[in-house]
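Dear colleague,

I am handing over the structure we spoke of, and I would be glad if you could look through it alongside the notes that come after it.

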Amino acid sequence: MDRVPQPVTPRINAIGTAVPAADVHQVYSDWARRQLEGTREAAMLDRMIGRGGIAHRHSVLSGEDAQLVDGSFYASDLPAGTGERMRRFAEHAPDLAVEAAGKLPSLEGITHIIVASCTGFMAPGLDQVLARRLGLASDVQRLSIGFMGCYAGVTLLRTAGQIVRAEPDARVLAISVELCTLHMQETTDIGALLAMGQFADGAAAAIVSSYGEGLALGQSISATLDDSDELITWTITDTGFLMHLSGEVPGRLSDAFARQDLRARLKVDANTSLAVHPGGKSILDAVERGLGLPSDALEASRSVLHDYGNMSSASVIFVLEKLAATRPERGIALAFGPGLAMEGLHFGWTGDA
């Protein structure tokens, strides 16, 4: 009699994270205020940034560029073009990703590398550059996930899990690296300034396999809201990538999470650990309100927001790193992105060999 194959359970064995050295949150706040100098909105900007739940944001920009002095990257007569911003991405993204991967216990036996980013393009691709920089085998299988936005962190881990289910001997290196601060835009639109005032740079790396202890990856969830195409957009322009984040997003999210059909798919209760993408204080408040959560339910997400800001797709992996230290019995990771779409992934600690 043929044996029935046992189901494979992919799990995150280890996570490593990294942020650049330059803390630019206060520098940005001062720069943004100067865009509104002489208007009544300047004081409003200060108040809203102060209430945003963010204390630190880091950038690969350094020296005068990070200080935004006259003549620097964001304080010149003409805005930096997309070509220059992509040159900076190609210069800095590999270093930050290598730093995050260097915090993993071992890269021995890696069979696949997946890289996610929505803040830069380069060729040879970041996946190929990182495989070489990290000393991976020349026949390592490579995949890039591009321009999906903040929810790509969940897509990255889900894809790694799918590879492991298909190839139980696989050992997948999953890396997210985002350099959001390369895309600031001069503007007098207070909404745009507040949106940019949340984003930061960061990288996260994870090893996913079918053996050892770690966060087991379970069922995934995908959802999009009707009539939401214009709520979050990420547009390539001649002067970098332009973010639009509608003020309607928190309310639409809160309403969505209050729906019984979505709640039934999420299966959130008092014992569920939550790794919610820290897209901003209002986003976390909306999830908390929509799901009727206690005030401490999103503590890990709020901590990442406070210390690092919104690092796009890398952020949810930073949150998972915090939760992994507690070995949660079960939980769900949630992240949101362009249009208004959500990606989710159930997880729970396993010690199975």
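Below is what was found, going from the whole chain to its cores and then to two single residues.

Please keep in mind throughout that this is a predicted model. The protein has 12 helices and 13 strands, and its C-alpha atoms fill a box of roughly 80 × 50 × 35 Å when this is taken along the principal axes. For 353 residues, a compact globule would be expected to have a radius of gyration near 20 Å, and the value of 20 Å computed for the protein agrees with that. Of the 353 residues, 56% are buried, and among the contacts with a separation of 6 or more, 79% are between residues that stand 24 or more positions apart.

As for the surface, the protein exposes about 15,500 Å², of which carbon and sulfur atoms supply 50%. There are 29 positive and 42 negative charges, and the mean positions of the two sets are 4 Å apart.

Turning to the interior, the largest nonpolar core has 48 residues, and those with the most contacts inside it are Ile113, Leu173 and Ile175. Helix α4, which covers residues 82-101, supplies the largest share of this core, namely six residues. Apart from this core lies another, of 40 residues, which includes Val19, Ala160, Ile163 and Phe347. Returning to Leu173, and leaving aside its neighbours within four places in sequence, its contacts include Leu104, Leu107, Ile110, Leu134, Leu136 and Ile207, and Ile113 is also one of them.

Two residues were then examined singly, beginning with His25, which is found in helix α1 (residues 25-35). Is His25 buried or exposed? Its relative accessible area is 7%, and because buried means under 20%, His25 counts as buried. Once neighbours within four places in sequence are left aside, His25 is in contact with Ile49, Ile54, Ala55, His56, Arg57 and Gly197.

The other residue is Ser144, which lies in strand β5 (residues 141-146). Ser144 has a relative accessibility of 44%, so it counts as partly exposed, the range for that class being between 20% and 50%. Not counting residues up to four places away in sequence, Ser144 touches Val115 and Asp127. The C-alpha atom of Ser144 is separated by 9.4 Å from that of Gln128, a residue 16 residues apart from Ser144 along the chain.

With best regards

Terms used. Residues numbered from 1 in each chain as written. Predicted model: local features only at pLDDT ≥ 70, side-chain atom pairs only at ≥ 80, totals over all residues. Heavy atoms only, no water. Helix = DSSP H or I, 4+ residues; strand = E, 2+ residues; numbered from the N terminus. Buried < 20%, exposed > 50% of the residue type's maximum accessible area, 1.4 Å probe, protein only. Contact = heavy atoms within 4.5 Å. Rg over C-alpha atoms; globule rule 2.2 N^0.38 Å. Areas by Shrake-Rupley, 256 points an atom, 1.4 Å probe, with all protein chains shown as cover. Lys, Arg positive; Asp, Glu negative; His and termini not counted. Charge placed at Lys NZ, Arg CZ, Asp CG, Glu CD. Core = buried A, V, L, I, M, F, W, Y, C linked by side-chain atoms within 4.5 Å.
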